[in-house]
Amino acid sequence: LYAYMWTHPGKKLLFMGGELGQRQDWQHDGQLPWELLDTEAHGGVQACVKALNAVYREEPALYAQQFSGEGFRWVDTQDYDNCVLSWLRLPADAGESPVLVVANFTPQTLENYAVGAPAAGKYRCLFNSDDRAYWGSGVQPEQGFSGGLKAKKEARHGQPATVHLTLPPMALVVLKPQG
């Protein structure tokens, strides 16, 4: 859900201790439960938030138009059967690339999943919330695609191209066109 928030427009809200995945409310008279980081799950939440911050800082499409409708566009909101949403974040500078975000809200891995893409060509995965470093299962969007992710010039979801990927379970991936 942090990835969902980081890839949507608007300011980000992270309460004290949320980056540790703490289970109780923050106590203003106490300190954060740092010992939680000794467990793989809580360390994974912290690593995930750290990675999200890095992607957010490095990708102008995620922050340049955070208060403008021009910076966000739904790609597909109609895949009820698979519980998948996809959207674009668009940069203010036409010379910058948009990012494509695809979220799978089911515990099933979706193989060869087709989604509309802003351009044909090769894509790079900037973030995958299912990465083992974040205590995920480790399913990668490129899994099963030799040569990486490539979008073909085939219109889909109002976009000029289509990219096929392996969509990890209960995960959100951020893709960026290369070139």
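**Exercise 1. Tryptophan 135**

Is tryptophan 135 buried or exposed? Find where it sits and look at its backbone as well.

*Solution.* Start with the surface: tryptophan 135 has a relative accessible area of 51%. The cut-off for exposed is over 50%, so tryptophan 135 counts as exposed. Keep in mind that you are looking at a predicted model. Next, place the residue: tryptophan 135 belongs to the loop between β5 (121–128) and β6 (149–152). Last, check the backbone: tryptophan 135 is not a glycine, yet its phi is positive, near 75°. As a background rule, most residues other than glycine have a negative phi.

**Exercise 2. The overall plan**

How many helices and strands does the protein chain have, and which pattern do they follow?

*Solution.* Count the elements: there are three helices and eight strands. Then read along the sequence, and the pattern comes out as α-α-α-β-β-β-β-β-β-β-β.

**Exercise 3. Overall dimensions**

Compare the radius of gyration of the protein chain with that of a compact globule.

*Solution.* First take the reference: for 179 residues, a compact globule would have a radius of gyration near 16 Å. Now take the value for the protein chain, 17 Å, which agrees. For a second view, the C-alpha atoms fill a box of roughly 55 × 35 × 30 Å along the principal axes. Turning to cover, buried residues account for 46% of the 179 residues. Finally, consider contacts between residues at least 6 apart in sequence: 62% of them join residues at least 24 apart.

**Exercise 4. Strand β2 and its partners**

Which strands pair with β2, and in what sense do they run?

*Solution.* Begin on one side: β1 (residues 72–79) and β2 run antiparallel and are joined by five bridges. You can pick out one pair here, as phenylalanine 72 has arginine 89 of β2 as its bridge partner. Four residues lie between the strands of this hairpin, and cysteine 83 takes a positive phi near 55°.

Now go to β3 (residues 99–104), which pairs with β2 in the antiparallel sense over six bridges. Here tryptophan 87 stands opposite valine 101 of β3. To finish, look at the cover of β2 (residues 84–89): five of its six residues are buried.

**Exercise 5. Asparagine 112**

Which strand holds asparagine 112, and what is its phi near?

*Solution.* Locate the residue first: asparagine 112 is part of strand β4 (residues 110–117). Its phi is near 55°, a positive value in a residue other than glycine. For the surface, asparagine 112 has a relative accessibility of 47%, so it counts as partly exposed.

**Exercise 6. Two separations**

How far apart in space are lysine 152 and alanine 119, and how far apart are threonine 39 and proline 118?

*Solution.* Take lysine 152, a residue of strand β6. Lysine 152 and alanine 119 are 33 residues apart in sequence, and their C-alpha atoms are 8.2 Å apart. Setting aside residues up to four places away in sequence, lysine 152 touches Ala120, Pro160, Ala161 and Thr162. Even with these contacts, lysine 152 is exposed, at a relative accessible area of 56%.

Now turn to threonine 39, in the loop between α1 (2–6) and α2 (40–58). Threonine 39 is partly exposed, at 38%. Along the chain, threonine 39 and proline 118 are 79 residues apart, and 40 Å separates their C-alpha atoms.

How values were computed. Residues are numbered from 1 along each chain as its sequence is written. This is a predicted model: local features need pLDDT of at least 70, side-chain atom pairs count only at pLDDT 80 or more; totals for chains, interfaces and linings use all residues. Side-chain values use heavy atoms; hydrogens and water are left out. Helices (H or I, at least four residues) and strands (E, at least two) are DSSP runs, numbered from the N terminus. The radius of gyration is taken over C-alpha atoms; the globule rule is 2.2 Å times the number of residues to the power 0.38. Buried means under 20% relative accessible area, exposed over 50%, partly exposed in between (1.4 Å probe, protein chains only). Contact means heavy atoms within 4.5 Å. Two strands pair if DSSP finds at least two bridges between them.
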